[in-house]
Amino acid sequence: MSGPQTSSDDGLNKLRAVLEPHGVFLRGVLNFAEGDAAPVLKDGEPAKSVALLGNIGSSIWPAFERWRDLPMNKGLRNPLDTWSKTVIAPVAQDFGATAYFPSDPPWQPFQQWAMRAEGLQASPLGILIHPQYGLWHGYRGALGFGRALPASTPVIQSHPCDRCFDKPCLSSCPANAVLVSGFQIAPCRTHLTMPQGQAGCMSVGCLARNACPVGAKYGYMPAQLRFHMAALSL
């Protein structure tokens, strides 16, 4: 992966090792078949594969907080996006890859990639739900390669929400914004601007998300929950 004498498996292990100090995980690898809508590499050719990079629970939070507390990083408008690029862009350079980020155009289909690479499906909140990590994971970037890599085996064969009979995410939303048919943005945003929303979800994180029993032990740290809620443009 980083040279002609390095096997793809060894290259992925080296990638994992480089990312580990930042709390970033190799989440999955997707290979593109001929005719797929593959992203474009920096040399103008279509990618043969992408490696998805992201967090599991609050894995990135300690490294991100240390970086954000540095004097030169205080007051940044989008600090987590900037930190992600600071971490991932040099890795892409070292591994001969092209970096893609959810925050940058042209917008790449990260959720579709994750569905194919990890076999995930959307929860009623719209967040992809993982059978182990629940709703507590995310994708901070991806690396595109001009060659195929060992592809991931999807982690699930059935949807965790289909096995959840109580579905507390539906009954825990104070705005009634979480429905089986999908997440309703307008009532959620309205609620968050009200005193009840400021004291509830804006303070401790989305109550519906917190109520999901799948992967509850991976729930984000309180500071991370507040950070993500504060980042919403209400």
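**Exercise 1. Describe the surroundings of arginine 140, leaving aside its neighbours within four places in sequence.**

Step 1. List the contacts (heavy atoms within 4.5 Å). Arginine 140 touches Leu53, Gly54, Asn55, Ile60, Leu80, Asp81, Ser84, Ile88, Phe101 and Pro102.

Step 2. Check the basis. The model is predicted: local features need pLDDT of at least 70, side-chain atom pairs count only at pLDDT 80 or more, and totals for chains, interfaces and linings use all residues. Numbering starts from 1 along each chain as its sequence is written, and side-chain values use heavy atoms, without hydrogens and water.

Step 3. Classify arginine 140. Its relative accessible area is 13%. Buried means under 20% (1.4 Å probe, protein chains only), so arginine 140 is buried.

Step 4. Find its side-chain partner. Aspartate 81 joins arginine 140 through a side-chain polar contact of 3.0 Å (N or O atoms within 3.5 Å, one able to donate a hydrogen, the other to accept it; residues adjacent in sequence count only if both atoms are side-chain atoms).

**Exercise 2. Place arginine 140 in its strand and sheet.**

Step 1. Arginine 140 lies in strand β6 (a DSSP E run of at least two residues; helices are H or I runs of at least four, and both are numbered from the N terminus).

Step 2. Order the strands. The open, antiparallel sheet runs β1-β2-β6-β3; pairing needs at least two DSSP bridges.

Step 3. Find the edges. β1 (25-31) and β3 (98-100) each have a single partner strand, so one side of each lacks a neighbour in the sheet.

Step 4. Inspect one pair. β3 and β6 (residues 137-145) share 3 antiparallel bridges. Alanine 99 has leucine 143 of β6 as its bridge partner.

Terms used
Buried means under 20% relative accessible area, exposed over 50%, partly exposed in between (1.4 Å probe, protein chains only).
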